[in-house]
Amino acid sequence: MELLRRKKNLILQGPPGTGKTWLAKRLGYALIGTKDTERLLALQFQPSLSYEDFVRGWRPDGRGGLRLADGAFLEAVQAAAAEPGRPFVLVIEEVNRGNPAQILGELLTLVEATKRGPEEALRLAYPRSLDERVYVPENLYIVGTMNLADRSLALVDLALRRRFAFLTLMPELGPPWRAWCIDHGVPPALVSEIGTRMDALNSVIAEDRALGPQFQVGHSFVTPVGEDAMSEEGWRRWYSETIDTEVAPLLAEYWFDDATKARERTAALRLQV
């Protein structure tokens with residue numbers, strides 16, 4: 001929280017299933033002081049997203065013409081500027097799924113913590129008037145998430161890295177996770193077995209030279225979220241279905257060139273009958 005307040009911009013990075021989005025939104029609400037959906041805007045970057053979508057661009061006006069329309073980022077800037085005494089948070093999921101430098105344009109400079117204010121205001125690529133200048137207010141915070149295991153995503157621009165703080169989330173299958181599972185009805189012996197098997201899998205992945213720690217499988221995959229009471233057999237079936245339908249396909253993707261290893265590691269996760 002202190003890092004977010006000081007830096008203004010924070011990215012949570014890590015393997016899949018480590019709770020990045022979950023934590024990003026809760027950090028935002030904690031900063032705001034309440035679960036206020038009016039002051040927290042969440043969106044996701046994707047390959048086709050452009051500056052014109054995110055900041056400002058021309059849009060059809062429904063009458064055969066075009067109008068200049070503000071995107072989500074300028075809407076957040078305007079909302080924060082209208083209430084300078086209250087924090088606003090923009091949560092951007094999958095930051096590296098788009099091209100942040102292209103999407104942000106000149107505003108990449110203005111999100112920097114030391115450049116927040118009217119004296120740093122810049123003219124936009126699509127100004128509404130010759131004298132319009134825009135700046136990012138002090139009370140707008142940005143929290144992004146970044147999946148380190150997706151090879152199809154671009155490397156993050158160094159200019160973006162300089163303006164954001166980065167925190168890495170890794171799989172956590174220790175006492176807090178075990179206590180959560182037990183509180184939700186998972187038998188303690190089964191929790192211990194699941195934790196042991198997942199830890200063993202993540203050790204193999206971390207030591208694989210073609211993969212590494214950023215490809216580990218997060219705890220979210222094997223964390224119950226509902227309140228339904230189940231028997232031990234029900235919980236064992238829940239875990240087995242999770243392995244077969246979520247983890248096994250992921251491992252097959254990781255070891256796409258070594259199907260035998262993918263099958264072996266999947267088999268090692270399955271419970272003894």
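This briefing covers salt bridges, unusual backbone angles, a strand pairing and one helix face. The model is predicted. A search of the whole structure finds 16 salt bridges. Two residues recur below: Lys 8 combines a positive phi with a salt bridge to Glu 138, and Arg 56 has both a bridge partner in strand 4 and a salt bridge to Glu 132.

**Lys 8 and its partner**
- Lys 8 sits in the loop between helix 1 (2-7) and strand 1 (9-14).
- Its phi is positive, about 75°, although Lys 8 is not a glycine.
- Most residues other than glycine have a negative phi.
- The side chain of Lys 8 forms a salt bridge with that of Glu 138, at 3.2 Å from N to O.
- This pair links distant parts of the chain, 130 residues apart, with Glu 138 in the loop between helix 6 (107-110) and strand 6 (140-147).
- Lys 8 is buried at 9% relative accessible area, whereas Glu 138 is partly exposed at 41%.

**Arg 56 and the strand 3–strand 4 hairpin**
- Strand 3 (residues 56-60) pairs with strand 4 (residues 66-70) in the antiparallel sense, over five bridges.
- Asp 70 in strand 4 is the bridge partner of Arg 56.
- Five residues lie between the strands of this hairpin, where Gly 62 has a positive phi near 85°.
- Arg 56 also makes a salt bridge with Glu 132, with the closest N and O atoms 2.8 Å apart.
- That pair again joins distant parts of the chain: Arg 56 is in strand 3 and Glu 132 in the loop between helix 6 and strand 6, 76 residues apart.
- Arg 56 is buried, at 2% relative accessible area. Glu 132 is buried too, at 17%.

**Other salt bridges**
- Glu 193 and Arg 197 meet through their side chains at 2.9 Å, N to O.
- Both lie in helix 9, four residues apart, about one turn of the helix.
- Glu 193 is partly exposed at 24% relative accessible area, while Arg 197 is buried at 17%.
- A network of salt bridges links Asp 36, Arg 39, Glu 83 and Arg 86.

**Another positive phi**
- Glu 94, which is not a glycine, has a positive phi near 55°.
- Glu 94 falls in the loop between strand 5 (88-93) and helix 5 (100-104).

**Helix 11**
- Ala 262, Thr 266 and Leu 269 are buried in helix 11 (residues 259-269).
- Down the helix axis, the buried residues fall within an arc of 50°, so they line one face.
- Arg 263 and Glu 264 are exposed on the other side.
- The cover over the buried residues includes helix 9 (188-207) and helix 10 (232-254).

Note on methods:
Residues are numbered from 1 along each chain as its sequence is written. This is a predicted model: local features need pLDDT of at least 70, side-chain atom pairs count only at pLDDT 80 or more; totals for chains, interfaces and linings use all residues. Side-chain values use heavy atoms; hydrogens and water are left out. Two strands pair if DSSP finds at least two bridges between them. Buried means under 20% relative accessible area, exposed over 50%, partly exposed in between (1.4 Å probe, protein chains only). The arc is that of the directions from the helix axis to the C-beta atoms. Contact means heavy atoms within 4.5 Å. A salt bridge is a side-chain nitrogen of Lys or Arg within 4 Å of a carboxyl oxygen of Asp or Glu.
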